Amino acid sequence: MNSAHDLGGQMAFGPVVPEPNEPVFHGDWEKRVLAINVAAGAMGAWTIDEIRHARESLPPAQYLSSTYYEIWLAALDKVLVKHGFLTSDELATGKPSAERREPKRVLKGEEVAGVLRRGFPYEREAKAPARFAAGDKVRTIVMHPQHHTRLPRYARGKEGVVERIVGCHVFPDTGSQGLPETAQWLYTVVFTGSELWGRDGDPTSAVSIEAWESYLEPA
């Protein structure tokens with residue numbers, strides 16, 4: 001979706017200032033937010049793309065004024081309410097209600113290390129040959145979806161070159177909407193700075209994005 005998270009090419013946000021010796025967490029509450037997200041995600045009620053959409057759909061003023069883990073927590077509240085694990089009253093009062101949806105899976109403490117080590121593979125068996133090959137010139141489609149997408153605004157309607165075929169992977173646009181899982185071929189596509197930013201772009205620069213097949217058409 002087009003929202004405050006998609007800032008590529010936007011101006012007036014100031015420079016990115018790296019934090020020297022930045023810690024992994026800036027407070028214990030951030031550790032807890034990460035842990036709660038892992039435990040809640042393991043319940044299997046939503047996909048990673050659905051919760052990404054929940055983060056992206058926060059009101060712009062809230063999104064831009066929130067820290068990384070504040071965004072995570074606000075989005076988790078949304079999906080927990082949406083899927084019936086919490087109510088708005090519970091969030092407002094901090095008091096549990098008598099009825100709630102029970103998860104189909106509960107992640108136990110001794111399982112966490114193994115789950116994180118294994119990760120969550122998203123590569124799938126392809127049902128058809130890849131449409132494009134390395135070296136092909138392609139153009140990204142122009143779209144303005146209301147759901148989550150991995151095609152950023154600044155790279156829509158732009159010509160690039162396929163650098164490599166990554167494999168066949170779960171398509172995030174459908175997963176974010178709670179639709180049945182689908183998979184598409186995924187490509188690394190390279191764009192020149194001039195193509196993305198016009199005459200103000202650095203002609204010696206290049207940007208690579210990973211684009212699913214339905215994002216692309218022959219150039």
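1. Read from the N terminus on, the protein chain of this predicted model has its elements in the order α-α-α-α-α-α-β-β-α-β-α-β-β. That pattern comprises eight helices and five strands. Along its principal axes, the C-alpha trace of the protein chain spans about 60 × 45 × 35 Å.

2. Some overall values for the protein chain help to set the scene. Of its 219 residues, 34% count as buried, and the chain exposes about 13,600 Å², of which carbon and sulfur atoms supply 55%. Among contacts with a separation of 6 or more, 65% are made by residues 24 or more positions apart. The chain carries 25 positive and 29 negative charges, and the mean positions of these two groups are 3 Å apart.

3. Helix 2, which covers residues 48-56, deserves a careful look, since seven of its nine residues are buried and the helix is mostly covered. The buried residues of helix 2 are Asp49, Glu50, Ile51, His53, Ala54, Arg55 and Glu56, so that a student will find charged side chains as well as nonpolar ones when going through the names. Which elements cover these buried residues of helix 2? The cover includes helix 1 (28-41), helix 3, helix 4 (68-82) and helix 7 (172-175).

4. One residue of helix 2 also takes part in a salt bridge, for the side chains of Glu50 and Lys82 meet at 2.9 Å, N to O. Because Lys82 lies in helix 4 and Glu50 in helix 2, the pair ties together parts that are 32 residues apart in sequence. The two partners have unlike surroundings: Glu50 is buried, with a relative accessible area of 6%, whereas Lys82 is exposed, with a relative accessible area of 57%.

5. The structure holds nine salt bridges, and another of them joins the side chains of Arg139 and Glu217 at 3.8 Å, N to O. This pair links distant parts of the chain, with Arg139 in strand 1 and Glu217 in strand 5 (residues 216-218), 78 residues apart. Arg139 counts as partly exposed because its relative accessibility is 26%, and Glu217 counts as partly exposed at 32%.

6. A further salt bridge is found between the side chains of Arg164 and Glu210, which meet at 3.6 Å, N to O. Arg164 lies in strand 2 and Glu210 in strand 4 (residues 206-212), so the pair ties together parts that are 46 residues apart in sequence. Arg164 is partly exposed, with a relative accessible area of 42%, and Glu210 is partly exposed at 38% relative accessibility. Salt bridges that share partners also join Arg139, Glu159 and Glu217 into one network.

7. Arg156 should be examined separately, and its place is the loop between strand 1 (137-140) and strand 2 (159-170). Is Arg156 buried or exposed? Arg156 is buried, yet it has no salt bridge, and the nearest side chain of opposite charge, that of Asp6, is 4.2 Å away. A salt bridge needs a side-chain nitrogen of Lys or Arg within 4 Å of a carboxyl oxygen of Asp or Glu, which is why a distance of 4.2 Å does not qualify Arg156 and Asp6 as such a pair. Leaving aside residues up to four places away in sequence, Arg156 touches several residues, including Asn2, Asp6, Ile141, Met143, His144 and Leu151.

8. The segment before helix 1 holds two residues whose backbone angles merit a check, Ala12 and Asn21. Most residues other than glycine have a negative phi. Phi of Ala12, however, is near 75 degrees, and phi of Asn21 is near 55 degrees, so each is a positive value in a residue other than glycine. Ala12 counts as exposed at 83% relative accessibility, and Asn21 is exposed as well, with a relative accessible area of 78%.

9. Gly8 also lies in the segment before helix 1, and at 28% relative accessibility it counts as partly exposed. Apart from residues up to four places away in sequence, Gly8 touches Tyr154 and Trp197.

10. A last point concerns the surface, where Leu7, Phe13 and Leu64 form a nonpolar patch with about 280 Å² of accessible area together. Leu64 lies in helix 3 (residues 60-65), and this residue counts as partly exposed because its relative accessibility is 45%.

Notes
Residues numbered from 1 in each chain as written. Predicted model: local features only at pLDDT ≥ 70, side-chain atom pairs only at ≥ 80, totals over all residues. Heavy atoms only, no water. Patch = residues over 30% accessible without salt bridge, like charges linked within 9 Å, V, L, I, M, F, W, Y side chains within 5 Å. Areas by Shrake-Rupley, 256 points an atom, 1.4 Å probe, with all protein chains shown as cover. Helix = DSSP H or I, 4+ residues; strand = E, 2+ residues; numbered from the N terminus. Buried < 20%, exposed > 50% of the residue type's maximum accessible area, 1.4 Å probe, protein only. Contact = heavy atoms within 4.5 Å. Lys, Arg positive; Asp, Glu negative; His and termini not counted. Charge placed at Lys NZ, Arg CZ, Asp CG, Glu CD.
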